[in-house]
Amino acid sequence: MTLRSVSSPRKLSFPRKRESKYLLLTIVYMAAICLFSLLPGIHKHGHGSKMAIQVFWNFLHIPAYGILAYLILRCFSGVRLKRYVFSLIIAVLFGVFNEFL
């Protein structure tokens with residue numbers, strides 16, 4: 001009879017090289033989102049064609065924050081089940097914070 005080690009869930013630790021690439025990319029992407037949200041003229045509401053442009057910019061939030069959630073998820077690839085919860089919380093908090101800028 002051989003003894004096998006019981007595998008325990010991975011704990012949060014320093015990111016590996018691959019995860020640190022995603023961490024840097026995530027931080028740069030978050031900075032880009034903040035930069036684009038601070039550009040003047042994007043948030044102005046109007047009528048007619050200007051209203052269509054505003055709707056287009058609003059729909060761009062979906063893929064932008066989807067990509068952000070994916071990048072955050074990749075940063076937590078060392079954590080098993082809780083990474084989905086961490087990713088969702090961070091992406092939502094970032095979105096809320098960005099709306100108040």
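Asn98 sits in helix 4. In this predicted model, its relative accessibility is 6%, so Asn98 counts as buried, the cut-off being under 20%. Leaving out residues up to four places away in sequence, Asn98 touches Ile33, Cys34, Ser37 and Tyr65.

Helix 4 itself covers residues 82–99. It has 18 residues and reaches 26 Å from its first C-alpha to its last, close to the 26 Å expected at 1.5 Å a residue. Which residues of helix 4 are buried? They are Ser87, Ala91, Phe94, Gly95 and Asn98. Seen down the helix axis, the buried residues of helix 4 fall within an arc of 100 degrees, so they line one face. The face turned away from that buried side carries the exposed residues Lys82, Leu88 and Leu93. Ile89 also belongs to helix 4. Its relative accessibility is 43%, so Ile89 counts as partly exposed.

Now step back to the whole chain. It has four helices and zero strands. From the N terminus on, the elements run α-α-α-α. Of the 101 residues, 22% count as buried. Among contacts between residues at least 6 apart in sequence, 67% join residues at least 24 apart.

Helix 3 comes next. It spans residues 61–75. At 1.5 Å a residue, its 15 residues should span 21 Å, and its end C-alpha atoms are 21 Å apart, which agrees. Buried in helix 3 are Tyr65, Leu68, Leu71, Ile72 and Cys75. Viewed down the axis of helix 3, these buried residues fall within an arc of 115 degrees, so they line one face of the helix. Gly66 is also found in helix 3. With 38% relative accessibility, Gly66 counts as partly exposed.

How do helices 3 and 4 meet? Start with the rings. The structure holds one aromatic pair. Tyr65 and Phe94 form it, and the pair is tilted. The centres are 6.4 Å apart, with 50 degrees between the planes. Tyr65 lies in helix 3 and Phe94 in helix 4, so the pair ties together parts that are 29 residues apart in sequence. Are these two rings' residues buried or exposed? Both Tyr65 and Phe94 are buried.

Ala91 adds to the picture. Leaving aside its neighbours within four places in sequence, Ala91 is in contact with Tyr65, Ala69 and Ile72. Two C-alpha distances can be set beside these contacts. Gly66 and Ala91 are 25 residues apart in sequence and 8.8 Å apart in space, C-alpha to C-alpha. The C-alpha atoms of Ile89 and Ala69 are separated by 9.5 Å, with their positions 20 residues apart along the chain.

Helix 1 covers residues 17–37. Thr26 has its place there. Its relative accessibility is 4%, so Thr26 counts as buried. A polar atom of the Thr26 side chain lies 2.6 Å from the backbone oxygen of Tyr22. Not counting residues up to four places away in sequence, Thr26 touches Leu68, Leu71, Ile72 and Cys75. Each of these four is listed among the buried residues of helix 3.

Leu23 lies in helix 1 as well. Leu23 is partly exposed, with a relative accessible area of 39%. Leu23 and Arg74 are 51 residues apart in sequence, yet 8.1 Å apart in space, C-alpha to C-alpha.

The core brings these helices together. In soluble globular proteins, nonpolar side chains tend to be buried together. Which residues make up the largest nonpolar core here? There are nine in all: Met30, Ile33, Cys34, Tyr65, Leu68, Ile72, Phe76, Ala91 and Phe94. Helix 1, helix 3 and helix 4 are the elements that give two or more residues to this core. Both partners of the aromatic pair, Tyr65 and Phe94, are members of the core. Ala91, in contact with Tyr65 and Ile72, is a member too. So the path returns to its starting point: among the residues that Asn98 touches are Ile33, Cys34 and Tyr65, and these belong to the core as well.

Notes. Residues are numbered from 1 along each chain as its sequence is written. This is a predicted model: local features need pLDDT of at least 70, side-chain atom pairs count only at pLDDT 80 or more; totals for chains, interfaces and linings use all residues. Side-chain values use heavy atoms; hydrogens and water are left out. The expected span of a helix is 1.5 Å times one less than its number of residues. Buried means under 20% relative accessible area, exposed over 50%, partly exposed in between (1.4 Å probe, protein chains only). The arc is that of the directions from the helix axis to the C-beta atoms. A polar contact is a pair of N or O atoms within 3.5 Å; within protein, one must be able to donate a hydrogen and the other to accept it, and residues adjacent in sequence count only if both atoms are side-chain atoms. Contact means heavy atoms within 4.5 Å. Rings of Phe, Tyr and Trp (its six-membered ring) pair if their centres lie within 6.5 Å; planes under 30 degrees apart count as stacked, over 60 as edge-to-face and the rest as tilted. A nonpolar core is a set of buried Ala, Val, Leu, Ile, Met, Phe, Trp, Tyr and Cys residues joined through side-chain atoms within 4.5 Å.
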